[in-house]
Amino acid sequence: MPRTEFIATGFYVPPRVVTNDELAGMMDTSDEWITQRSGIKTRRWVEPGTTCAAVAFEATTTALTRAGMKAADLDCIVFATTTPDHFFPGNGVYLQRMLGIPGIPALDVRDQCSGFIYGLSVADAWIRTGQYRRILLVGAEIQSPGLDLTTAGRDTAVLFGDGAGVAILGPTDADRGVLSTHLYADGQHAEKLWMDGPGVSHVPWISSELIAAGKHRVRMEGREVFKHASTCMPQSVMTALHANGLTPADITLLIPHQANLRISEMVQKQLGLRDDQVVNNIQKYGNTTAASIPIALDEAIADGRLKRGDLLVLTAFGSGFTWASAAIRW
Ligand code: UT7
């Protein structure tokens, strides 16, 4: 059976840089609080009206160019996002339409911050069984229009940013590629990080009452999320390593989902990793949910931090709760 290799990656973030000081002009917060609690200094926001499919399209164009491929060479799209352009259909078909490749399947993944690794797991299975040979895997988010930019929303508004990262995946018979993926979920914690509406548990699905009650805003029990994230991510990394007969010392690069610099530092400490083994770019982009891992991966590649034969490990944690890991021989 072949393995799944990364043929090319690409990412896109909108040009508008939003500083902590700019946020402090909108709500009761400060650069000091945001930096100390999360590590974030800036994030990117789109211009109003920009769609999630559009930022994914930009990232895809970069990846296709690097791969020396045309959109028509793709035979499947897997699109992970927490912030779809519409209730339905999912974003995969909008991206497919922009790419001008009707007919190929478009799968939408709804696992929030873990979406990219969940999507990778599905794409890997399809590629190994030969069902598809050129899969576009997308993590893309437009968080900014949904943020509550008043003091009431400050616990989440300062954290999230917009952006997209993609990978083009295909089979290889060489001794490299995805070694394993491990996926987890625990719905007991669903309401600890969620957006209540709009949704069919409300009658009607959306109403001025729902909006007046703020149910269309992200709600998060930050400390609970922090506690679970900083234990589940290292556990899932250890599971990935054990499954492949490896140890933390074998890791060339760990890319944790960029939720909070303090969480990434705790994951690093628990695994006993050096600074050069862990990728952090949350300082620049904030938490871009499903996009954070592919954006960080593309930056790490551009910085020359991954060479053929290196061991790359991905891990994520987010709403659901869902969490996941992947081990990849580069
Ligand atoms: O990607 C999905 C996963 N998401 C995460 O992993 C996020 C996980 N959680 C976190 O990153 C952290 O819990 C936060 C960064 C969200 C918050 O940090 P914290 O150290 O847990 O702070 P806290 O929520 O306990 O709040 C401490 C204080 C509170 O005030 P009082 O009650 O002590 O007076 C908050 O009201 O900080 C206040 N606060 C703020 N102050 C200034 C909350 N947000 C802000 C803010 N600026 N933006």
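How many bridges join β1 and strand β7, and in which sense do the two strands pair? In this predicted model, β1 and β7 (residues 163-172) pair in the antiparallel sense over nine bridges. Within that pairing, Tyr12 stands opposite Ala164 in β7. This is a good place to start a tour, which goes on to the two sheets, the helices that pack on them, and a few local details.

## The five-stranded sheet

β1 and β7 belong to an open sheet of five strands, ordered β1-β7-β6-β4-β5, with mixed pairing. If you trace this sheet to its edges, you arrive at β1 (3-12) on one side and β5 (106-109) on the other, and each of these pairs on one side only. From one strand to the next, the twist averages 20°.

Two helices lie across this sheet. Helix α5 lies across β1, β4, β5, β6 (135-141) and β7, and runs at about 175° to β6. Helix α11 lies across β1, β6 and β7, and its direction makes about 95° with β1.

## The four-stranded sheet

There is also an open sheet of four strands, in the order β8-β13-β12-β11, again with mixed pairing. Its edges are β8 (177-185) and β11 (253-256); each has a single partner strand, so one side of each is left without a neighbour in the sheet. Neighbouring strands here are turned by 10° against each other on average, direction ignored.

The partner of β8 is easy to follow: eight bridges join β8 to strand β13 (residues 322-329), and the two run antiparallel. Along this pairing, Ser180 stands opposite Ala327 in β13.

The helices α5 and α11 come back at this sheet. Helix α5 (residues 115-129) packs on it, touching β8, β12 (311-318) and β13, with its direction at about 125° to that of β8. Helix α11 (residues 292-302) lies across β11 and β12 and runs at about 150° to β11. To see how α5 relates to both sheets, look for its contacts with β6 and β7 in the five-stranded sheet and with β8 and β13 in the four-stranded one.

## Two pairs of packed helices

Two packed helices are described by the angle between their axes and the distance between the axes. Here are two such pairs.

| Helix pair | Residues | Angle | Axis distance |
|---|---|---|---|
| α3 and α4 | 52-67 and 91-99 | about 55° | 9 Å |
| α8 and α9 | 222-243 and 261-271 | roughly 40° | within 9 Å |

At that angle, α3 and α4 are therefore oblique to each other, and α3 passes α4 in a right-handed crossing. On the α3 side, the contact includes Phe57, Thr60 and Leu64, which are among the residues that meet a set in α4 including Tyr94, Leu95 and Met98. Sorted by class, this contact has ten nonpolar, two polar and no charged residues.

What about α8 and α9, are they parallel or oblique to each other? Their angle makes them oblique, and their crossing is right-handed. Among the α8 residues in the contact are Phe226, Met233 and Val237, while the α9 side includes Arg262, Ile263 and Met266. By class, this contact has ten nonpolar, two polar and one charged residues.

## An aromatic pair across the chain

Seven aromatic pairs turn up in a search of the whole structure. One of them is formed by Phe87 and Trp205, which are stacked, with 5.3 Å from centre to centre and 25° between the planes. Phe87 lies in the loop between β4 (76-80) and α4, and Trp205 in the loop between β9 (193-194) and α7 (208-212), so the pair ties together parts that are 118 residues apart in sequence.

## Backbone details in the loops

Three loops are worth a look for their backbone geometry. In the loop between β4 and α4 you will find Pro89, which is joined to Phe88 by a cis peptide bond with omega of about -5°. Another cis peptide bond joins Gly320 and Phe321, with omega of about -15°; Phe321 is found in the loop between β12 and β13. Finally, the loop between β5 and α5 holds Gln112, whose phi is near 50°, a positive value in a residue other than glycine.

How values were computed: Residues numbered from 1 in each chain as written. Predicted model: local features only at pLDDT ≥ 70, side-chain atom pairs only at ≥ 80, totals over all residues. Heavy atoms only, no water. Pairing = 2+ DSSP bridges. Axes fitted to C-alpha atoms, helices over the stretch in contact; angles between N-to-C directions. Contact = heavy atoms within 4.5 Å. Parallel < 35°, antiparallel > 145°, perpendicular 65-115°, else oblique. Left-handed = near helix turned anticlockwise from the far one by under 90°. Nonpolar A, V, L, I, M, F, W, Y, C, P; charged D, E, K, R; others polar. Phe/Tyr/Trp six-rings, centres within 6.5 Å; stacked < 30°, edge-to-face > 60°.
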